[in-house]
Structures are given as C-alpha cells and as structure tokens.
Amino acid sequence: MKNNIEVFPVIVPAANRLKSYNFFLVKNEHSLILIDAGLNTEDCWDSLLKTLKNHGFTLTDITGILLTHHHTNHIGLVNRIVSTHSIPVYAHPYAIHLLRRDIEYVKMRAEFFRKLYQEMGEKQVANLKNPIILGEKNKIHCEILEFTNHQLFGFELFEIPGHAPDQVAFYHKDSKWLFAGDILIDTISSNAYIEPNYDGSRTNSVIQQKLSLEKCLSLDAELVYSGHSMIIKTPNELIEKRIKELDEKASKYINIIKSGISTASGVAQLRYNDRYEKQFFSIMSQVIGYLDYLEFQGKIKKEMEKGIWHYYK
Ligand SMILES: [Zn+2]
C-alpha cells in the first residue's frame, strides 16, 4: 500500500472510441470508496463484483461513492449499489438537479437548448429535441450529498469544469495520484459540453476546459486515473498536448468563419458533414464552445440578425 492508499481499477471494455469505462475502488485506512460507477449494464456490474472478490471484499464493504460528474457512463451502478446497503453518495452541487432529474430543471434545460439551437441557426430544432431531454432511465433515486468540503476521504477536491459543469477531480497528495473524470483521456481529446448555468446563460465550456487542464497541470500529478481508456502515466506531457490541440482546433474554426460561414450551425455542418445530424448534441456543443472561446479572446465577434447569431472575423 503506497502512502496508505490502494487502488483497484474496474476496467470494462467499450466498443467505441472511449475504449473502456473505468471506475475505481480505493482503499485507505478507514474506508473503501468507489470513485464513479460505470454504466448501468451487466458487464459493469459483473466487473465490479469480480474486482471486489479478487481483493477479498464484498459489495457491502463499500463505504461511500464519489462521482466525478453526472454523465450516465459514470453513475450507472449507483442505484444498484445503494439498494444493497445505504452509503453516502457525493457529487458536485451542480450535479444534484441533473442526477435527480428535477422536473423544473429538466424543463428549463430543454427550453435552453431549443432556444440556443434556434439562435445558432439550426432550422429544424423541433426534430432535434430528443438529445436534450434527460431520460428518467438514468435518474438517481437515493439522496445525493453535495461536496461541501475541499477534503473528503483523504482526497483534495478540485473543480475542473469543461467536459461537464459539475466535473471534479480527487487528488491524493501523498501519492500524487489524480482521479480526474474525463478531463484527460489517453486516446482522444475530451469533449467540452455546454450546459445552462443557474441564471440561464450557457457555460463557457471550452474556456473552462482549458483552465481546468491548466489546473491539473499545476498539480504535477504522477498518475491520472482516467474515466476511459488507459491509466495515464505521464500526465503532464498529455495535458500540454491537449492544451495545444485546443488552440489548434480553435484556429480551424477561425478559418471557417473567415471563409464566410457565419452561423454556428453552418460551421458545424461544414466541418462535420454527415456526422452533424447523428452527433448533433456533442457537435453543436463543440462548435458553440469554440466560438465562445474565440469571442472571449477577441478573435471574432457576433451580431444578432433576425433572431440568429452571426459570427465575423
Ligand atoms: Zn463524461
């Protein structure tokens, strides 16, 4: 046991670009914590039980669950675990209404995206409503506790929004191990997803992503336990690469704006072709996030004409 902490990764293969769904059993002096909870599938459930068994534990030995963010592939087994024995589940305050599927919030969020897509020049918003409805299927039924401290179960907590507004990292200082959700993935650069802020404005997802990457860099972690793909052994190198890629991507968007395409929807269709409709939600998040980033840097500006935002160099 290094520095009083032992990590038992649960790695479940994924047949997509993420390569795997990862979540982690972490044993320290007084607790056995689960960081994230995979997808709600038999594969994930069996892998969790097997990992517990291999290390001499059972389900009821788990003393608490920490969630890095609200996405469905990180929270899947929470309801099942908590139904076997009652343990505290912790998440960022922003995640609570998402995880609980609060009806007022779900309605506000759907209206937020409908209006956003319309203003970004997408003409068929009515046909695209599905991705913006939060399904009941992944609702968390138990009580969820908000992180109120910056210390929990021997970890330091850091907010690292961008990929999700509620994303947090858990840092174990003595071992320099960082559990960082999806901010850093070995095989792909992590998407930044727009969500509504409490006041109805949108999150500056790409700007946040960059700041969060810089925050992780400053920790000088030795190992990053990532939510997907491999555990990252030279994190600083990869973080620097991701920050560089972010700015390279931004300059591609400037070039599209320069060529005379002025709406976010137009930019997305040009850049992503037939992927545009299939991956509408994540592509529009990317494009709008990058346009916000460029506007923030003063490299482009926008003007509203007849209810639609147009971007200019
Ligand atoms: Zn995620």
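The legends below describe an overall view and several close-up views of one predicted model.

Residues are numbered from 1 along each chain as its sequence is written. In this predicted model, local features need pLDDT of at least 70 and side-chain atom pairs count only at pLDDT 80 or more, while totals for chains, interfaces and linings use all residues; side-chain values use heavy atoms, with hydrogens and water left out.

**Figure 1. Overall view of the protein, with 10 helices and 13 strands.** Helices (H or I, at least four residues) and strands (E, at least two) are DSSP runs, numbered from the N terminus. The radius of gyration is 20 Å, close to the 20 Å of the globule rule for 313 residues, so the protein is as compact as a globular protein of that length. This radius is taken over C-alpha atoms, and the rule is 2.2 Å times the number of residues to the power 0.38. Along the principal axes, the C-alpha atoms fill a box of roughly 65 × 40 × 35 Å. Of the 313 residues, 56% are buried (buried means under 20% relative accessible area, exposed over 50%, partly exposed in between, with a 1.4 Å probe and protein chains only). Among contacts (heavy atoms within 4.5 Å) with a separation of 6 or more, 65% join residues 24 or more positions apart.

**Figure 2. Surface and charges of the protein.** The exposed area is about 14600 Å², of which carbon and sulfur atoms supply 50%. Accessible areas come from the Shrake-Rupley method with a 1.4 Å probe; for residues, only the protein chains shown count as cover. There are 37 positive and 37 negative side chains, and the centres of the two sets lie 6 Å apart. Lys and Arg count as positive and Asp and Glu as negative, whereas His and the chain ends are not counted. Each charge is placed at NZ of Lys, CZ of Arg, CG of Asp or CD of Glu.

**Figure 3. Close-up of the cysteines Cys-142 and Cys-216.** The structure holds 0 disulfides (a disulfide being a pair of cysteine sulfur atoms within 2.5 Å). For Cys-142, the nearest cysteine sulfur is that of Cys-44, 18 Å away. Cys-142 counts as buried at 14% relative accessibility. Cys-216 is also buried, at 3%.

**Figure 4. Close-up of Ser-262 in the loop between helix 7 (235–258) and helix 8 (264–272).** Ser-262 counts as buried, with 18% relative accessibility. Leaving aside residues up to four places away in sequence, Ser-262 touches Trp-309, His-310 and Tyr-311. Ser-218 is 44 residues from Ser-262 in sequence and 37 Å from it in space, C-alpha to C-alpha.

**Figure 5. Close-up of Ser-212 within helix 6 (residues 205–219).** The relative accessibility of Ser-212 is 2%, so this residue counts as buried. Its contacts, not counting residues up to four places away in sequence, include Ile-160, Pro-161 and Ile-183.

**Figure 6. Close-up of two loop residues with positive phi, Lys-19 and Arg-101.** Most residues other than glycine have a negative phi. Lys-19 has a phi of about 70° and is found in the loop between strand 1 (5–13) and strand 2 (20–28). Arg-101, with phi near 55°, lies in the loop between helix 4 (93–99) and helix 5 (103–119). Lys-19 counts as partly exposed at 49% relative accessibility, whereas Arg-101 is buried at 8%.
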